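Visitor: I should like a close look at a single part of this protein, with an account of how that part sits among its surroundings. Please set out the reasoning wherever a classification depends on it.

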Amino acid sequence: MEMNRAERIRCRGHALAGWVVLLLVMACPALTRAANVNRDPLFRDVVKRILEGPGVFNHGSRRISPPGFAITTDLCPSTKPWNRGLYEALVALGRKLGKPLPVGIAISGRWMERYPKALAQLVRWNKEGKLAITWINHSDTHPVRGNFLVNPKVDFTKEVEVQANRMRAAKIFNSPFFRFPGLIFNFSRMRQLSGMGYVAVGADAWLAKGERVRNGSIILVHGNGNEKFGVRLLKAFLRLKEKEILTGKWRVLSLEKLLTESARVDPGLQFISWVQPKSR
Ligand SMILES: [Zn+2]
């Protein structure tokens with residue numbers, strides 16, 4: 001089909017715009033990644049502040065009202081079957097609540113490779129509105145030896161990028177969040193991560209380590225079958241709080257909501273909590 005002059009110009013314009021976007025993506029991946037975060041302007045602002053920090057978002061404001069917390073579960077590489085019961089408990093609570101329960105899932109590439117069926121089930125629950133999942137990049141191979149991702153032999157950028165691509169391909173790339181394996185990091189890794197446009201999500205209530213849930217907490221348990229104790233504690237905690245959760249006295253929040261609400265009630269709050277973690 002022959003194009004007229006106006007159509008030809010329009011076509012060339014589109015191609016040119018396409019090239020500009022492509023060049024922009026190549027020149028500044030951080031910029032375009034941050035652009036994925038296009039929700040609440042306040043959320044964008046807080047993310048920007050953390051990236052400029054750089055720092056780790058370990059918890060929200062202790063003064064949000066009604067009080068609330070965020071649940072995060074890690075899917076590190078594992079040889080054991082996942083803890084399906086944990087997620088079923090979250091689905092069940094959401095059903096009682098009348099809306100899907102928000103949960104942050106930090107997922108590693110190795111786990112995705114090994115457990116495609118479990119992943120498909122999580123994706124299905126999310127799609128069916130039974131869970132509201134915020135996917136968190138948890139690195140591709142999740143190195144443990146030699147101090148996790150701090151190990152200078154590890155290609156950190158590759159660990160983050162390969163996993164991001166894997167998540168994109170699986171259509172589960174929906175947040176700017178990253179979680180360091182073992183919650184172990186150092187300042188130079190933080191700088192690298194910020195440069196790539198990711199916000200590090202820490203946790204102040206790693207239940208299996210005896211840390212307690214407070215207002216604004218980020219709870220951490222492992223859903224990969226390696227931390228049955230933590231999972232039991234979370235289930236017990238949710239049972240204990242169930243009535244208050246169902247009546248809205250306590251709220252289960254997404255990470256995004258925890259950040260934005262915290263910024264609203266506590267504008268001066270330092271989300272940037274730069275804490276030198278213990279090495280192993
Ligand atoms: Zn992990």
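Guide: In this predicted model, the buried residues of helix 4 are Leu86, Tyr87, Leu90 and Gly94. Viewed down the axis of helix 4, these buried residues fall within an arc of 95°, so they line one face of the helix. Arg95 and Lys96, by contrast, are exposed on the other side of helix 4.

The length of the helix can be checked against expectation. Helix 4 covers residues 84-97, and its 14 residues, at 1.5 Å a residue, should span 20 Å. The C-alpha atoms at its ends are 20 Å apart, which agrees with that expectation. After helix 4 comes Gly98, which has a positive phi, near 85°.

The partners of the buried face come next. The buried residues of helix 4 pack against strand 2 (68-75), strand 3 (101-107), helix 6 (116-127), strand 4 (131-137) and helix 9. Several of these partners lead on to further parts of the structure.

Strand 2 is one of them: five bridges join strand 2 to strand 8, and the two run parallel. Within strand 8, Ile219 has Ile71 standing opposite. Strand 8 also runs parallel to strand 7 (residues 205-206), to which two bridges join it. Here Trp206 stands opposite Leu220 of strand 8. Strand 8 comprises residues 218-222, and five of the five are buried, so this strand is largely enclosed by the rest of the structure. Its two faces are both covered: Ile218, Leu220 and His222 are buried on one side, and Ile219 and Val221 are buried on the other.

Helix 9, another partner of the buried residues of helix 4, spans residues 228-246 and includes Leu233. Leu233 has 18 C-beta neighbours inside 10 Å; a buried residue needs 20 or more, and an exposed one has 12 or fewer, so Leu233 counts as partly exposed. Leaving aside residues up to four places away in sequence, Leu233 touches Leu207 and Ala208. Leu233 and Gly210 are 23 residues apart in sequence, while their C-alpha atoms are 9.5 Å apart in space.

Strand 4, which also packs against the buried residues of helix 4, precedes a loop with two notable backbone conformations. Ser139 lies in the loop between strand 4 and helix 7 (156-169), and its phi is positive, near 75°. Phe148 is found in the loop between strand 4 and helix 7 as well, with a positive phi near 55°. Most residues other than glycine have a negative phi. Ser139 counts as buried because it has 27 C-beta neighbours inside 10 Å. Phe148 is buried too, with 22 other C-beta atoms within 10 Å.

Strand 2, in turn, is preceded by a loop from strand 1, in which Pro66 lies. A cis peptide bond joins Ser65 and Pro66, with omega about -10°. A cis peptide bond also joins Gly53 and Pro54, with omega about -20°; Pro54 is found in the loop between helix 3 (41-52) and strand 1 (56-57).

As for the wider setting, the protein has 10 helices and nine strands. Of its 280 residues, 40% are buried. Among contacts with a separation of 6 or more, 76% are between residues 24 or more positions apart.

Terms used: Residues numbered from 1 in each chain as written. Predicted model: local features only at pLDDT ≥ 70, side-chain atom pairs only at ≥ 80, totals over all residues. Helix = DSSP H or I, 4+ residues; strand = E, 2+ residues; numbered from the N terminus. Contact = placed C-beta atoms within 7 Å. Expected span 1.5 Å × (residues − 1). Arc of directions from axis to C-beta. Pairing = 2+ DSSP bridges.
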